[in-house]
Amino acid sequence: MEDLDPPREEPGAAGRILNSLEQHGLYWDEEVLYQSQRDTAYAAALAKLGSRSLLFACDCTRQILGPDGACRGDCRDRQGHLATPSAIRVDPPGNCRIHFRDRLQGSASGSDIEVPDFVVRRKDGLFAYQLAVVVDDAWQGITHIVRGSDLLDSTPRQIFLQQALDYHTPLYSHIPVITDRGGQKFSKQNHAPALDDRDAPANLRGALMFLRQDEPPASLRDSEQILAFASERWEPAKIPPVMSIAASGAT
């Protein structure tokens, strides 16, 4: 459960997410791992990165950061003279490029340029997403990661951390996300309607249609039946790397 940011977390959000998963027939094998309870593990990983001289403090404001989110304030050369509070960033070695093969997107690389520096602990002292997910995936023995293509750019950063922390790198599959006509991802930040748990089977059917999978027979009426049907006939090759759907036509 990604609850790293208490100031922004809505009360009851975690419970609603878990309930939504259950309504859609999606269950977990072990106890839910809450990132808000994992500070000790993240601090240990941060210390390991520091011992390998991969960290630097940064007091850049959002206005100073580059378009890739990297430090542009010469913070590396001002380590003894930074404003407080400061963020902690990972500093990949020069000319660092991460190449990997996504199971849906094909061959991919971090960028045509170097993998930029990125935040692992924020100015407010909270640990950043990039570090937390890498530590938790390793802790839980995750071997396959399936997520939205909007996170494809994060993958090179996470693979760099996995290598720096001596972790195994999982296999990645980035599926297309639903966007509006302007290319904006459906999300609460863009005022997309919340998922309606009252008709979970219809939601699953809509998702399978969006991913161009076989349509479940009308006789299958509950979530578990639909998921079982979809699992038996799952064909990743049918999923286009990039897809968009108009807001008016989204389910």
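S53 sits in the loop that links α2 to β1. Let's start there and work through the chain, one exercise at a time. The model is predicted: local features need pLDDT of at least 70, side-chain atom pairs count only at pLDDT 80 or more, and totals for chains, interfaces and linings use all residues. Residues are numbered from 1 along each chain as its sequence is written, and side-chain values use heavy atoms, with hydrogens and water left out.

**Exercise 1. Describe the backbone and surroundings of S53.**

Step 1. Look at the backbone: phi of S53 is near 55°, which is positive, and S53 is not a glycine.

Step 2. Check the accessibility, using these classes: buried is under 20% relative accessible area, exposed is over 50%, and partly exposed is in between, with a 1.4 Å probe and protein chains only. S53 has a relative accessible area of 66%, so S53 is exposed.

**Exercise 2. Find another residue with a positive phi, and a cis peptide bond.**

Step 1. Go to R212, in the loop between α5 and α6. R212 follows just after α5, and its phi is positive, about 60°, although R212 is not a glycine.

Step 2. Now turn to P85, in the loop between β1 and β2. The peptide bond from T84 to P85 is cis, with omega near 0°.

**Exercise 3. Give an overview of the chain: how many helices and strands are there, and in what order do they run?**

Step 1. Count the elements, which are DSSP runs numbered from the N terminus: helices are H or I with at least four residues, strands are E with at least two. The chain has six helices and seven strands.

Step 2. Read the order from the N terminus: α-α-β-β-β-β-β-α-β-α-β-α-α.

Step 3. Add the dimensions: the C-alpha trace spans about 70 × 40 × 35 Å along its principal axes. Of the 251 residues, 38% count as buried.

Step 4. Take contacts (heavy atoms within 4.5 Å) with a separation of 6 or more: 67% of them join residues 24 or more positions apart.

**Exercise 4. Which residues of the largest nonpolar core touch the most other members, and which elements build this core?**

Step 1. Recall the rule: a nonpolar core is a set of buried Ala, Val, Leu, Ile, Met, Phe, Trp, Tyr and Cys residues joined through side-chain atoms within 4.5 Å. In soluble globular proteins, nonpolar side chains tend to be buried together.

Step 2. Pick the best-connected members: among the 34 residues of the largest core, L49, V120 and L131 touch the most other members.

Step 3. List the elements that each supply at least two residues of this core: α2 (39–51), β1 (55–58), β2 (87–90), β5 (118–121), α3 (129–139) and α4 (155–164). Helix α3 gives the most, with five residues.

Step 4. Zoom in on L131: leaving aside residues up to four places away in sequence, L131 touches Y42, A45, L46, L49, V120, L161 and L165.

Step 5. Look for a separate core: a second one of six residues includes L204, L208, L220 and F229.

**Exercise 5. Which residues of helix α5 are buried, and what do they pack against?**

Step 1. Scan residues 200–210, which form α5: the buried ones are A200, P201, N203, L204, G206, L208 and F210.

Step 2. Find the partners: these buried residues pack against α1 (13–23) and α6 (223–232).

**Exercise 6. Explain why the pair of Y42 and F127 counts as edge-to-face.**

Step 1. Set the rule: rings of Phe, Tyr and Trp (its six-membered ring) pair if their centres lie within 6.5 Å; planes under 30 degrees apart are stacked, over 60 edge-to-face, and the rest tilted. This gives two aromatic pairs.

Step 2. Apply the rule: the ring centres of Y42 and F127 are 5.6 Å apart and the planes stand at 65°, so the pair is edge-to-face.

Step 3. Place the partners: Y42 is in helix α2 and F127 in the loop between β5 and α3, so the pair ties together parts 85 residues apart in sequence.

Step 4. Check burial: Y42 is buried at 0% relative accessible area, and F127 is buried at 10%.

**Exercise 7. How far apart in space are A41 and D136, and how far apart are R97 and L208?**

Step 1. A41 is in helix α2 and is partly exposed, at 23%. A41 and D136 are 95 residues apart in sequence, and their C-alpha atoms are 8.6 Å apart.

Step 2. R97 is in the loop between β2 and β3 (99–102) and is partly exposed, at 37%. R97 and L208 are 111 residues apart along the chain, with 35 Å between their C-alpha atoms.
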